[in-house]
Amino acid sequence: MSEQVAPPSAPQAAQPEQLAQPDPAPQADPAAPAASPVEPAAKGSGGRKALGIIGAVVVFLVVAGLKFGLGTAIGSFLNKDETAEAKAGDCIAELPAVTGTEERSVSSAEVVKCTSTEAVYNVVGRVEDQTEAQAKSGQACEQYIKPGEDGYVFYNIAPGGKGYLLCLTKKA
């Protein structure tokens, strides 16, 4: 009679004590492929996901802040047109001097408190939906400027579009 030996591929029922004991350390299967370099990147994807969530939260907070109260502080930083919300009764800081029908471009007009020493012009009127040609004519401000007063027109209108104009007088 000859004996045959088979590899221990499956636990045998005759050895129950081997089934109850956990394997102390999993052995790598020599036939299994080596770990790929993609595995560490997969662990890093959790960091990217967290960074994406943090970014979304920051964007949400900025939008909420602009909408619900921080708009004045952040909006003045982001909004280059400091006079966009100016209305009658506000004051404007120094602007380039103009005479007659002369026109000058202004890059840093600023609304200031009328009690400030920087206040040079009073806003006596605001007119919406004006074209550049209408603003240059100055006719829209005639109703706000008293006879004998020097009046000025300040506007922010994109070429070919419509915008607002402010009717100004020198602050006394």
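In the predicted model described here, Ile-92 has Val-111 of strand β2 as its bridge partner. The strand β1, which covers residues 91–93, is joined to β2 by 2 bridges, and the two strands run antiparallel. This pairing belongs to an open sheet of 5 strands, in which the order is β2-β1-β3-β5-β4 and the pairing is antiparallel. The edges of the sheet are formed by β2, made up of residues 111–112, and by β4, each of which pairs on one side only.

Ile-92 is also a member of the largest nonpolar core, a set of 12 residues that includes Ala-86, Leu-95, Ala-109, Val-120, Tyr-152, Phe-154 and Leu-168. Two or more residues of this core are contributed by each of the elements β3 (119–131), β4 (151–156) and β5 (162–170). A second core, separate from this one, consists of 9 residues, among them Val-127, Tyr-155, Leu-165 and Cys-167.

The surroundings of Phe-154, one of the residues of the largest nonpolar core, can be described in further detail. When neighbours within four places in sequence are left aside, Phe-154 is in contact with Thr-83, Leu-95, Val-106, Ala-109, Tyr-164, Leu-165, Leu-166 and Leu-168. Of these contacts, Leu-165 is listed in the second core, whereas Leu-95, Ala-109, Tyr-164, Leu-166 and Leu-168 are listed in the largest one.

Phe-154 appears again in the description of the largest pocket, where Glu-103, Tyr-152, Val-153, Phe-154 and Tyr-155 lie nearest the centre among the 36 lining residues. The space within this pocket amounts to about 910 Å³. Both α4, which spans residues 132–137, and β4 supply at least two residues of the lining, and it is β4 that gives the most, with 6 residues. By residue class, the lining of the largest pocket divides into 15 nonpolar, 11 polar and 10 charged residues.

A further position considered is Thr-169, which has its place in strand β5. Is this residue buried or exposed? Thr-169 has a relative accessible area of 3% and is therefore classed as buried, since the cut-off for that class is under 20%. With neighbours within four places in sequence again left aside, the residues in contact with Thr-169 are Val-120, Tyr-121, Asn-122, Val-124, Ile-145, Glu-149 and Asp-150. Two of these contacts, Val-120 and Tyr-121, are themselves members of the largest nonpolar core.

Key: Residues are numbered from 1 along each chain as its sequence is written. This is a predicted model: local features need pLDDT of at least 70, side-chain atom pairs count only at pLDDT 80 or more; totals for chains, interfaces and linings use all residues. Side-chain values use heavy atoms; hydrogens and water are left out. A nonpolar core is a set of buried Ala, Val, Leu, Ile, Met, Phe, Trp, Tyr and Cys residues joined through side-chain atoms within 4.5 Å. Buried means under 20% relative accessible area, exposed over 50%, partly exposed in between (1.4 Å probe, protein chains only). Helices (H or I, at least four residues) and strands (E, at least two) are DSSP runs, numbered from the N terminus. Contact means heavy atoms within 4.5 Å. Two strands pair if DSSP finds at least two bridges between them. On a 1 Å grid over the protein atoms alone, a cavity is a set of points where a 1.4 Å probe fits but cannot get out, and a pocket is an open set with protein on both sides within 12 Å along at least five of seven lines; lining residues have an atom within 4 Å of a point. Grid points are joined across faces, edges and corners, and a volume is the space filled by probe spheres set on the points. Ala, Val, Leu, Ile, Met, Phe, Trp, Tyr, Cys and Pro count as nonpolar, Asp, Glu, Lys and Arg as charged, and the others, Gly among them, as polar.
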